[in-house]
Amino acid sequence: MTTQDQINTHTISVLVDNEAGVLARVIGLFSGRGYNIDSLTVAEVDDGAHTSRITVVTTGTPMVIEQIKAQLGRLVPVHRVVDLTVETDSVERELALIKVSGKGEARVEALRMSEAFRARVVDATPDSFVFELTGRTEKIDAFIGLMRPLGLKEVSRTGVAAIARGAEAM
Amino acid sequence: MSETMTGAQIVLKALQDQGVEHIFGYPGGAVLPIYDEIFQQDAVEHILVRHEQGATHAAEGYARSTGKPGVVLVTSGPGATNAVTGLTDALMDSIPMVCITGQVATHLIGNDAFQEADTVGITRPCTKHNYLVKSADDLPRILHEAFHVATTGRPGPVVVDIPKDVQFAEAKYMRPTAVQHKTYKPQLKGDIEAIYTAVDLISKAKKPVFYTGGGVINSGPQASQLLREFVKLTGFPITSTLMGLGAFPSADPQWLGMLGMHGTYEANLAMHDCDVMINIGARFDDRITGRLDAFSPNSKKIHIDIDPSSINKNVAVDVPIVGDVAHVLEDMLRVWKSRAAEPDKKALADWWAEIETWRGRKCLAYRKDDKAIKPQYAVERLYELTKGPNTYITTEVGQHQMWAAQYYRFEEPNRWMTSGGLGTMGYGIPAAVGVQVAHPDALVIDIAGEASVLMTMQEISTAVQYRLPVKIFILNNEYMGMVRQWQELLHGGRYSSSYSEALPDFVKLAEAYGATGIRAEKPDELDDAIRKMMKTKGPVIFDCIVTKDENCFPMIPSGAAHNDMLLADDQGLDVEVSDAGKAMV
Ligand SMILES: Cc1ncc(C[n+]2csc(CCOP(=O)(O)OP(=O)(O)O)c2C)c(N)n1
Ligand SMILES: [Mg+2]
């Protein structure tokens with residue numbers, strides 16, 4: 001396999017005008033052209049300028065990633081497209097809420113693990129916990145993996161939010 | 001002071017300020033306020049079509065033959081959904097179009113109201129951009145922006161969906177201004193460093209070829225002029241896609257003919273064997289490249305395109321230049337001249353000698369027949385008798401379209417209107433209507449197939465109403481010929497549903513519409529019949545009865561490489577097509 005065929009994961013930030021239908025345009029582009037969406041987050045980031053930031057984690061060969069960026073850049077309401085994976089060193093975070101239920105040993109073990117991962121307990125009943133955990137995707141995956149045999153019930157994740165390190169803005 | 005007016009008045013005012021003289025449309029409940037305004041003014045002429053698809057193709061023909069945007073007006077629901085084919089067609093072929101659709105009143109949106117459709121949802125993937133206008137205050141800005149987006153950068157269709165209450169509401173009108181758009185800023189000038197690199201490559205090339213496309217036409221007549229100059233200066237061979245025909249004159253000895261699936265032997269082999277490929281405004285479409293991993297394996301590729309997403313999409317290129325063709329060619333020529341660059345004349349002479357041997361195969365030759373009209377012969381005769389700078393050709397989709405591209409010849413841009421990217425049967429008649437509206441004194445001919453014309457035949461009624469003397473020249477082979485050809489090639493000659501059964505009598509059909517019908521069945525009556533068609537003042541349907549089993553050659557079977565072409569003198573169509581090839585369209 002050459003580097004040209006290698007499939008890599010990229011985190012792409014897209015700054016858009018926050019107008020009706022803009023998210024549908026972005027999602028429609030991915031589904032219409034057969035690109036992957038591993039995670040997607042979106043929220044308004046500047047209420048004065050009415051801009052929203054969409055962060056997409058996607059996978060593809062270098063040529064496909066270039067296409068994705070060019071196609072995103074072509075959408076009329078898009079201000080900027082930045083590939084945080086190649087263009088900068090970036091910080092990526094995800095937040096997850098994780099519900100675990102159980103009694104006895106499993107319950108104690110779950111709580112012990114949550115401390116090791118610096119998860120917070122945001123809800124507790126005699127036989128359940130809801131943990132809040134922030135971190136890189138891999139960390140959250142690992143924690144969920146550990147909770148599975150301990151009574152994992154439900155997971156809700158935000159998807160990745162990302163930003164470049166240093167003083168420069170996107 | 002800006003005036004206050006109703007949304008419907010704003011629409012008409014904006015159209016006038018955008019210089020629109022003609023719109024193609026069809027009324028309905030959700031656009032009645034706009035139709036009422038049309039009734040009360042003369043600046044914008046409305047052409048009533050017979051089906052909204054016809055309005056979109058007419059607008060495409062209008063746009064492609066003038067370089068101006070085509071404008072469409074349709075009602076909500078079925079009016080908008082009927083327009084979807086033409087919008088998609090315009091998107092694929094980069095045709096500037098503004099399509100105004102009526103919508104149910106804002107308070108009814110989402111309620112499954114009568115004739116409601118989610119027009120912006122449906123048209124999002126088939127437009128360059130679209131808008132739902134929620135307030136009349138936004139209407140002037142959005143309308144002007146729609147024209148800006150449709151006509152600049154890589155052109156395309158833009159939908160403006162206007163709810164009926166917004167058409168009645170009052171707001172202040174705003175003239176178009178020159179303010180820069182916040183986010184939409186197409187790049188016109190190419191990167192000068194890349195242009196230096198390209199000039200360097202071009203001057204060192206030993207086996208170069210120009211591969212040009214619809215982008216040259218879209219960039220305007222000046223782009224064609226600059227292209228001609230550059231091709232002359234270099235002495236290189238030039239070929240073009242279906243969409244680019246006319247940008248370079250076909251009478252010129254440097255012209256190799258069209259390339260691609262039904263392109264000439266010499267054009268495709270030059271593409272395969274070249275060492276430097278200069279792609280100007282074409283997009284490495286699958287009709288052009290054939291088998292991708294065998295596409296022009298030994299060449300360095302320069303690619304000029306206004307759309308960054310066209311670069312490295314299908315084929316990785318060495319020197320990408322994002323910019324408008326005319327701007328980039330202007331810079332290239334300047335650099336070429338200032339460096340006093342020279343092509344490698346000696347290498348070029350060898351390259352031309354090789355090309356001449358390919359030309360010697362005479363790949364467009366066909367066996368003549370003196371009893372029946374061969375379709376190729378029909379197009380050749382049509383060309384000889386109708387050629388001229390004031391002749392415009394549209395087509396439908398199928399074999400006749402390819403024969404038209406091969407045997408009709410174009411010396412100027414904007415004379416050739418065909419559905420390339422989408423391949424829409426039914427394009428030709430309405431497109432001819434649109435061309436004729438823009439050029440009332442021109443000779444406008446739709447080279448058609450008998451199956452295709454039945455898809456939008458009702459637009460003859462439009463032609464009759466507006467006295468548009470379009471000529472519909474049907475190569476009637478009683479088959480969906482292109483489908484039949486593929487069935488012969490790939491499906492063991494099982495002609496499943498490709499015979500054109502129960503055809504109407506096209507001469508009587510023409511008469512029923514109030515047009516003129518002409519039929520030719522024998523080669524020796526063809527010329528006179530064509531002359532008669534040209535002399536006829538009004539619209540004509542010409543039923544040209546041609547041989548039924550003709551195949552369109554040369555052909556690169558799908559999934560094959562450029563040097564694996566089928567020629568007419570090969571024995572029939574018995575070739576091995578790979579499974580991957582069979583899966584391709
Ligand atoms: C709207 C639409 N439907 C189906 C097709 C598929 N198709 C491509 S060519 C063709 C046959 C066209 O027949 P005709 O108009 O008689 O042209 P010929 O090939 O015989 O010259 C068909 C069905 C298409 N291109 N467009
Ligand atoms: Mg036919």
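In the predicted model, the centres of domain 1 and domain 2 of chain A, taken over C-alpha atoms, are separated by 29 Å. The domain assignment places domain 1 of chain A at residues 3-83 and domain 2 of chain A at residues 91-162. Eight residues of domain 1 and six residues of domain 2 make up the contact between them. About 430 Å² is buried between the two domains of chain A, and carbon and sulfur atoms contribute 48% of this area. On the side of domain 1, the greatest losses of area to domain 2 fall on A:T11, A:T41 and A:T55, which together account for 62% of what that side buries.

A:V42 belongs to strand β2 of chain A, which spans residues 39-46. The relative accessible area of A:V42 is 40%, so the residue is classed as partly exposed. Apart from neighbours within four places in sequence, the contacts of A:V42 are A:L23, A:S52, A:R53 and A:I54. A:L15 is 27 residues from A:V42 along the chain, and the C-alpha atoms of the two are 9.8 Å apart.

In chain B, the magnesium ion (ligand 2) has protein donors from B:E450, B:N477 and B:Y479. B:E450 is listed twice, each time through OE, while B:N477 donates through OD1 and B:Y479 through O. These protein donors lie 2.0 to 2.8 Å from the ion. The site has six donor atoms, with angles among them of 50 to 173°, and its geometry is irregular. For six octahedral donors the ideal angles are 90 or 180 degrees. Along the sequence, the spacing of the donor residues of the magnesium ion (ligand 2) is E-x26-N-x1-Y. B:E450 lies in helix α18 (residues 450-456), whereas B:N477 is in the loop between β18 (471-476) and α20 (481-490), so the pair ties together parts of chain B that are 27 residues apart in sequence. B:E450 and B:N477 are both buried.

B:T536 is located in the loop of chain B that runs between α22 (523-535) and β20 (540-545). With a relative accessible area of 16%, B:T536 is buried, because the value is under 20%. The side chain of B:T536 reaches the backbone oxygen of B:K532 at a distance of 2.7 Å. When residues up to four places away in sequence are not counted, B:T536 touches B:K471, B:T516 and B:I518.

Note on methods. Residues are numbered from 1 along each chain as its sequence is written. Chains are lettered from A and ligands numbered from 1 in the order in which they are written. This is a predicted model: local features need pLDDT of at least 70, side-chain atom pairs count only at pLDDT 80 or more; totals for chains, interfaces and linings use all residues. Side-chain values use heavy atoms; hydrogens and water are left out. Helices (H or I, at least four residues) and strands (E, at least two) are DSSP runs, numbered from the N terminus. Buried means under 20% relative accessible area, exposed over 50%, partly exposed in between (1.4 Å probe, protein chains only). A polar contact is a pair of N or O atoms within 3.5 Å; within protein, one must be able to donate a hydrogen and the other to accept it, and residues adjacent in sequence count only if both atoms are side-chain atoms. Contact means heavy atoms within 4.5 Å. Donors are N, O and S atoms within 2.8 Å of the metal (3.2 Å for Na, K and Ca); water is not among the atoms, so sites may look incomplete. Four donors count as tetrahedral if all angles lie between 85 and 135 degrees; four count as square planar and six as octahedral if opposite donors are over 155 degrees apart and all others between 65 and 115; anything else is irregular. Domain bounds come from an automatic or database domain assignment. Buried area is the accessible area (1.4 Å probe) that two parts lose on being put together, summed over both.
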